[in-house]
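Here is a short report on the inside of one protein model. Look at the structure first, then read on.

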Amino acid sequence: MSGTVNICEITEDVRQALRDFRFRKYKDTAALVLKVDREKQLIVIDEYLDDTNIESLQESLPGHQPRFVILSYKQEHKDGRISYPLCFIFFTPRDSHAELQMMYAGSKLALQKESDVSRAYEIRELEDLTEEWLLSKLGN
């Protein structure tokens, strides 16, 4: 084995969606869900969730397939401030197809760099994706 992993190409549509998402006018929690097109070896947009919450995001993700999630989370602080931290969440279920897991893992760093999001988290079980989990990661 050569140890190389195919890195899926990030399409221009995804690059533009990442830019638009990053600079959108924040007022709610939103998520950009990305997936790998295995045949074309491309990262493509799966769905865009606007004015959502963590529970709805969890319900929208497939239980047995990996996904990349760029999340803009409306965080209300104890002192009344509101912030909108951007998070990169790599969801990779343990029971997903090994080849697909490798394609996602091989593409993760390139997509994270392209999205320019410093808060990166990995989650293996969909039921672990909760508001409490996210707040613990964000340090609230």
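Start with Leu32. This residue is buried, because its relative accessible area is 3%, under the 20% cut-off. The model is predicted. Leu32 sits in strand 2, which covers residues 29-37.

Which residues does Leu32 touch, leaving aside its neighbours within four places in sequence? The contacts are Ala17, Leu18, Phe21, Ile45, Glu47, Tyr48, Phe68, Val69 and Ile70. Take Phe68 from that list. Leu32 and Phe68 are 36 residues apart along the chain, yet 8.2 Å separates their C-alpha atoms.

**The cores**

Phe68 also appears in the largest nonpolar core, which has 21 residues. Leu34, Ile43, Phe68 and Leu111 touch the most other members. At least two residues of this core come from each of helix 1 (12-22), strand 2, strand 4 (67-72), strand 7 (86-91) and helix 3 (98-115). Another core lies apart from this one. It holds 19 residues, including Val33, Leu61, Tyr121 and Ile123.

Now look at Leu34. Beyond its neighbours within four places in sequence, Leu34 is in contact with ten residues' worth of partners listed here: Val14, Leu18, Ile43, Val44, Ile45, Asp46, Arg67, Phe68, Tyr104 and Leu111.

**Buried residues and cysteines**

| Residue | Relative accessible area |
|---|---|
| Cys8 | 3% |
| Leu32 | 3% |
| Cys87 | 0% |

Cys8 counts as buried, and Cys87 is buried too. How many disulfides are there? The count is 0.

Notes:
Residues are numbered from 1 along each chain as its sequence is written. This is a predicted model: local features need pLDDT of at least 70, side-chain atom pairs count only at pLDDT 80 or more; totals for chains, interfaces and linings use all residues. Side-chain values use heavy atoms; hydrogens and water are left out. A disulfide is a pair of cysteine sulfur atoms within 2.5 Å. Buried means under 20% relative accessible area, exposed over 50%, partly exposed in between (1.4 Å probe, protein chains only). Helices (H or I, at least four residues) and strands (E, at least two) are DSSP runs, numbered from the N terminus. Contact means heavy atoms within 4.5 Å. A nonpolar core is a set of buried Ala, Val, Leu, Ile, Met, Phe, Trp, Tyr and Cys residues joined through side-chain atoms within 4.5 Å.
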